[in-house]
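I wanted to look up how the nonpolar residues pack and where enclosed space is left. My entries follow.

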Amino acid sequence: MPVTVNKDVCIGCGACEGGCPVGAITLTAEGQADCNAEVCIDCGACVGTCPVEAISQD
């Protein structure tokens, strides 16, 4: 299962985008992180890069 982004907590810093080894995380036009479930390999790398803990692995 891909990661979940809490849009209320996300600050749009892009750390998760840079930490994703497969490019599944991108920033939306609104500046929020978004995970493409079809690309995500569920490795959790982005979870550890988020400074505000807006990303979780379900």
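Entry 1, core. I looked up the largest nonpolar core (buried Ala, Val, Leu, Ile, Met, Phe, Trp, Tyr and Cys joined through side-chain atoms within 4.5 Å; buried is under 20% relative accessible area with a 1.4 Å probe, protein chains only). It has 14 residues, of which Val-3, Cys-16, Ile-25, Ala-33, Cys-46 and Ile-55 touch the most other members. Two or more residues each come from β1 (3–5) and β3 (33–35), strands being DSSP E runs of at least two residues, numbered from the N terminus.

Entry 2, source. The model is predicted, so I note that local features need pLDDT of at least 70 and side-chain atom pairs pLDDT 80 or more, while totals for chains, interfaces and linings use all residues. Numbering runs from 1 along each chain as its sequence is written, and side-chain values use heavy atoms, without hydrogens and water.

Entry 3, Cys-16. Beyond four places in sequence, I find Cys-16 in contact (heavy atoms within 4.5 Å) with Ile-25, Ala-33, Cys-46, Thr-49 and Ile-55.

Entry 4, cavities. I searched the whole structure and got two cavities of 30 Å³ or more. A cavity is a set of points on a 1 Å grid over the protein atoms alone where a 1.4 Å probe fits but cannot get out; lining residues have an atom within 4 Å of a point. Volume is the space filled by probe spheres set on the points, which are joined across faces, edges and corners.

The largest cavity has about 80 Å³. Among its 13 lining residues, Cys-20, Cys-40, Cys-43, Gly-44 and Cys-46 are closest to the centre.

The second largest has about 60 Å³. Its lining includes Cys-16, Ala-33 and Ile-55.

Methods. On a 1 Å grid over the protein atoms alone, a cavity is a set of points where a 1.4 Å probe fits but cannot get out, and a pocket is an open set with protein on both sides within 12 Å along at least five of seven lines; lining residues have an atom within 4 Å of a point. Buried means under 20% relative accessible area, exposed over 50%, partly exposed in between (1.4 Å probe, protein chains only). Helices (H or I, at least four residues) and strands (E, at least two) are DSSP runs, numbered from the N terminus.
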